[in-house]
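Colleague: I'm new to this one and would like a close look at a single part before anything else. Take me through the region where strands meet helices, and go slowly.

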Amino acid sequence: MNKPKIIAIDFDGTLAENAWPDIGAPIQSVINALKAEQAAGCKTILWTNRCGEELAAAVTWCRLHDIHLDAVNVNLPEMIEFFGGDTRKIFANEYWDDRARLMPEKVCRIRWEDHNPYMDNANDCWEPYCEECDTELPDDCSYCPGCGARVITKAEEDHRERVEEGQ
Ligand SMILES: [Mg+2]
Ligand SMILES: [Zn+2]
């Protein structure tokens with residue numbers, strides 16, 4: 001069984017228009033999108049700088065808008081166990097925040113080089129290199145030690161090729 005997706009969601013400017021310390025108008029498109037994720041089984045953590053009375057007001061507001069919260073400004077118990085402690089960063093698979101900026105992941109392909117070109121059909125000696133920075137890659141590495149890019153898996157490579165071929 002797959003683990004449920006965890007969404008950490010901001011309050012001001014994300015669930016409601018930013019009117020801190022008051023609460024602005026609900027942002028219905030975000031509320032609807034969150035409810036759709038919840039219907040599909042996701043867990044939700046409210047992840048906000050609000051504290052004290054302002055936080056209590058936001059939690060009540062969520063209840064009035066039928067938004068279920070699995071946690072408020074804390075990690076889920078299963079993630080505390082997974083990390084071996086309660087990390088200060090809340091773990092989530094997705095962060096929904098009006099101040100978020102999407103950072104595209106840096107990836108690289110493997111370039112295979114034959115290091116035994118003079119011995120036809122003898123044992124081929126294909127070695128993997130990072131196509132971005134030319135660093136030789138250790139066996140089964142997930143990240144290039146030279147440039148830090150994530151090494152694209154064979155399955156991803158096949159998928160890309162299929163997409164590029166328009167299938
Ligand atoms: Mg915000
Ligand atoms: Zn590299």
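Modeller: Two strands pair if DSSP finds at least two bridges between them; strands (E, at least two residues) and helices (H or I, at least four) are DSSP runs, numbered from the N terminus. This is a predicted model, where local features need pLDDT of at least 70 and side-chain atom pairs count only at pLDDT 80 or more, while totals for chains, interfaces and linings use all residues. Residues are numbered from 1 along each chain as its sequence is written, with chains lettered from A and ligands numbered from 1 in the order in which they are written.

Let's begin with a small pair. Strand β2 covers residues 16-19 and strand β3 covers residues 22-26; three bridges join them in the antiparallel sense. N18 sits opposite I23 in β3. Two residues lie between these strands, and together β2 and β3 make a hairpin. P21 belongs to the loop between them, and here's an oddity: the peptide bond running from W20 to P21 is cis, with omega near 5°. Most peptide bonds are trans.

Now for the sheet itself. Four strands build an open sheet, in the order β5-β4-β1-β6, with parallel pairing. Its edges are β5 (71-72) and β6 (94-96), and each of those pairs on one side only. Helix α1, residues 28-39, packs on this sheet and touches β1, β4 and β6, and its direction makes about 160° with that of β1 (axes are lines fitted to C-alpha atoms, for helices over the stretch in contact, and angles run from 0 to 180 degrees between N-to-C directions). Look next at β1 and β4: they run parallel and are joined by four bridges. One of the partnerships puts I6 across from K43 in β4.

What about the helix that packs there? α1 has 12 residues and spans 16 Å from its first C-alpha to its last, close to the 16 Å expected at 1.5 Å a residue (the expected span is 1.5 Å times one less than the number of residues). Just past α1 you'll find G41, which takes a positive phi of about 105°.

This neighbourhood also holds a nonpolar core. A core here is a set of buried Ala, Val, Leu, Ile, Met, Phe, Trp, Tyr and Cys residues joined through C-beta atoms within 7 Å. A residue is buried if 20 or more other C-beta atoms lie within 10 Å of its own, exposed if 12 or fewer, and partly exposed in between, with C-beta atoms placed from the backbone. The largest core has 14 residues, and I7, A8, I9, I45 and L46 touch the most other members. Three elements give two or more residues to it, namely β1 (6-9), β4 (43-46) and α2 (52-64). β1 contributes the most, with four residues. Take A8: setting aside neighbours within four places in sequence, A8 is in contact with I45, W47, I90, A92 and Y95 (contact means that the C-beta atoms, placed from the backbone, lie within 7 Å).

α2 is the other helix worth following. It has 13 residues and reaches 19 Å from first C-alpha to last, close to the 18 Å expected at 1.5 Å a residue. Just after α2 comes D66, with a positive phi of about 65°, and D66 isn't a glycine. D66 lies in the loop between α2 and β5, and D66 counts as exposed because it has 9 C-beta neighbours inside 10 Å. A similar turn-up comes at N73, another residue other than glycine with a positive phi, near 55°. N73 is in the loop between β5 and α3 (77-83), and with 15 C-beta neighbours inside 10 Å, N73 counts as partly exposed.

Finally, some context for where all this sits. The domain assignment, which is automatic or taken from a database, gives domain 1 (6-96) and domain 2 (107-164). Their centres, taken over C-alpha atoms, are 41 Å apart. K106 is in the loop between β6 and β7 (107-108); it is exposed, with 12 other C-beta atoms within 10 Å. Apart from neighbours within four places in sequence, K106 is in contact with G148, A149 and R150. From K106 back to N18 in our hairpin is 33 Å, C-alpha to C-alpha, and 88 residues in sequence.

Note on methods
Two residues are in contact if their C-beta atoms, placed from the backbone, lie within 7 Å.
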